Amino acid sequence: MSRLTHYCCVIGLGYIGLPTAALVSSRDIPVLGVDVNSSVVDNINAGETHIVEPDLDGLVQRSVRLGLLRASLEAEPAKVFLIAVPTPIDEEKRPDLTAVHAAADSIINVLKPGDLIILESTSPVGTTDGLAARLRARRPDLAIAEGAENDDMVSVAYCPERVLPGRIMQELVANDRCVGGITPLCTQRALAFYNQFVNGTCIATTARVAELVKLSENAFRDLNIAFANTLSMVSDRHDISVWEVIELANRHPRVNILKPGPGVGGHCIAVDPWFIVHAAPEEAGLIRMGREVNDAKPHYVLDKVRRALETLPSATKIACLGLAFKADIDDLRESPALGISHLLASEYGSRVLVVEPNVRSLPSGLAADGAQLVTLDEALEQSGLLLVLVDHRQFKAVARSRYSTKTVIDTRGIWQS
Ligand code: SAJ
């Protein structure tokens with residue numbers, strides 16, 4: 001491929017960037033993927049993926065083989081630059097935009113008149129405007145989303161990803177998208193880009209609205225899970241089953257309560273609401289409280305385990321069923337199950353057995369504290385206390401007779417009491 005033929009340059013080849021690069025290239029659009037991690041770059045150039053996601057491997061292999069997808073440590077000239085880099089929070093729960101700024105700086109020298117830059121990373125309101133300002137300061141020779149709306153203007157837009165891990169390849173195509181440019185022409189150009197590979201409806205808006213739409217979606221889910229988690233603690237106080245309460249309440253035509261659990265994990269829902277709180281602390285008290293409820297839930301579960309252990313023989317083994325942040329994936333990021341298992345291992349050491357069918361070894365901290373990774377059968381045989389932390393399909397399939405004589409704390413409501 002010659003240096004100028006890349007139609008699209010995707011910056012950041014993670015959970016969103018790589019699937020998007022694979023999808024765009026599958027539509028015969030040449031893509032250059034850029035990442036700061038050289039092993040990611042080498043893997044992709046060898047046709048391999050570093051992300052576990054259904055249907056991704058085949059697409060990447062095909063595009064690499066056909067020369068439609070290539071990876072590099074450095075950006076090259078393209079018509080469209082798509083930025084999909086992480087936007088975490090720092091220790092004080094403030095948005096950390098370091099990777100977005102680094103991505104902008106990485107394309108600055110290859111930008112040319114008429115290019116389109118789209119930010120997909122979850123971002124605080126105003127980030128896309130800030131991105132354009134950063135580019136303008138370094139490239140005063142270009143009209144970056146300003147001045148006459150003509151073919152030479154460099155366009156800047158925001159379009160949040162909203163795909164669910166485990167269903168990314170389907171949802172990238174099927175989901176509706178909100179596309180918000182800094183100017184109307186920016187919006188139109190970004191819409192034309194997405195319409196090449198999205199079957200859902202692409203809706204035009206502004207960058208600032210699109211930024212808040214994304215944050216609202218994840219804050220909505222977080223808050224609703226916080227409601228379910230609150231109900232689970234209220235039900236415990238009354239010694240009644242929260243699962244029965246929710247099942248019956250959800251028979252009301254306008255009620256749809258989500259599921260309680262051991263807390264909220266993953267790199268999105270447990271993080272993004274803080275962006276709203278940080279920018280509007282006085283107005284977003286409710287969203288902050290939802291976050292605090294969900295962050296406190298693992299400690300509530302730990303207290304329950306401690307209290308149950310007080311009634312059991314002192315050598316009782318504790319089986320932690322699941323480490324992932326949700327069912328049937330291998331992703332341990334921000335996982336409450338992992339946090340709970342860690343704290344239990346630091347208190348009870350080798351009495352802690354861990355079952356996680358989706359990983360081959362324990363994270364180092366857990367192993368260092370003496371916890372052991374065991375099979376589900378071993379856990380069911382050896383432990384006196386079973387703590388269900390993730391609703392993996394293997395755990396759902398366990399026969400009642402295998403746990404009915406044990407002490408069970410089921411944070412996901414998959415086992416009958
Ligand atoms: N959870 C519950 N109870 C529920 C639902 C979820 O405790 O009823 C927990 C899960 O166990 C998990 C966490 O919440 O720990 C998050 O899981 P999730 O399946 O709700 O969401 P994610 O983080 O995998 O993906 C979310 C999605 N956002 C929404 O559903 C609004 C996805 O569409 C986004 O693209 C993604 O965040 C993202 O990248 O922002």
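This is a short tour of one protein chain and its ligand, to follow in your viewer. Keep in mind as you go that the model is predicted.

**Stop 1: the whole chain**

Start with everything shown as a cartoon. If you color by secondary structure, you will be looking at 15 helices and 13 strands. Turn the chain around and compare its directions: along the principal axes, the C-alpha trace spans about 75 × 50 × 40 Å. How does the radius of gyration fit with a compact globule? A compact globule of 417 residues would come out near 22 Å, and the chain has 24 Å, which agrees.

Now switch on the surface. The chain exposes about 18900 Å², and 52% of that is supplied by carbon and sulfur atoms. Under the surface there is plenty to find as well: buried residues make up 50% of the 417 in the chain. Contacts also tell you how the sequence folds back on itself. Take those between residues at least 6 apart in sequence: 71% of them join residues at least 24 apart.

**Stop 2: the ligand**

Select the ligand next, then show the residues around it. There are 20 of them, and Glu161, Lys214, Asn218, Arg221 and Lys259 come nearest. Try coloring this shell by residue type: you should get nine nonpolar, two polar and nine charged residues.

Three distances are worth displaying here:

- Glu161: an N or O atom of its side chain is 2.6 Å from an oxygen atom of the ligand.
- Lys259: look at the backbone this time, where an N or O atom lies 2.7 Å from a nitrogen atom of the ligand.
- Gly265: a backbone N or O atom is 2.9 Å from a ligand oxygen atom.

How much of the ligand's accessible area does the protein cover? On its own the ligand has 770 Å², and the protein covers 89% of that.

**Stop 3: Thr411**

For the last stop, select Thr411. You will find Thr411 in the segment after strand S13, which runs over 407–410. Is Thr411 buried or exposed? Its relative accessibility is 9%, so Thr411 counts as buried, the cut-off for buried being under 20%.

Show the neighbors to see what surrounds this residue. Leaving aside residues up to four places away in sequence, Thr411 touches Trp243, Pro260, Gly261, Pro262, Val301, Leu387, Val388 and Leu389. Zoom in on Val388 to finish: the Thr411 side chain reaches the backbone oxygen of Val388 at 2.6 Å.

Methods: Residues are numbered from 1 along each chain as its sequence is written. This is a predicted model: local features need pLDDT of at least 70, side-chain atom pairs count only at pLDDT 80 or more; totals for chains, interfaces and linings use all residues. Side-chain values use heavy atoms; hydrogens and water are left out. A residue is near a molecule or strand if one of its heavy atoms lies within 4 Å of it. A polar contact is a pair of N or O atoms within 3.5 Å; within protein, one must be able to donate a hydrogen and the other to accept it, and residues adjacent in sequence count only if both atoms are side-chain atoms. Accessible areas come from the Shrake-Rupley method with a 1.4 Å probe; for residues, only the protein chains shown count as cover. Ala, Val, Leu, Ile, Met, Phe, Trp, Tyr, Cys and Pro count as nonpolar, Asp, Glu, Lys and Arg as charged, and the others, Gly among them, as polar. Helices (H or I, at least four residues) and strands (E, at least two) are DSSP runs, numbered from the N terminus. The radius of gyration is taken over C-alpha atoms; the globule rule is 2.2 Å times the number of residues to the power 0.38. Buried means under 20% relative accessible area, exposed over 50%, partly exposed in between (1.4 Å probe, protein chains only). Contact means heavy atoms within 4.5 Å.
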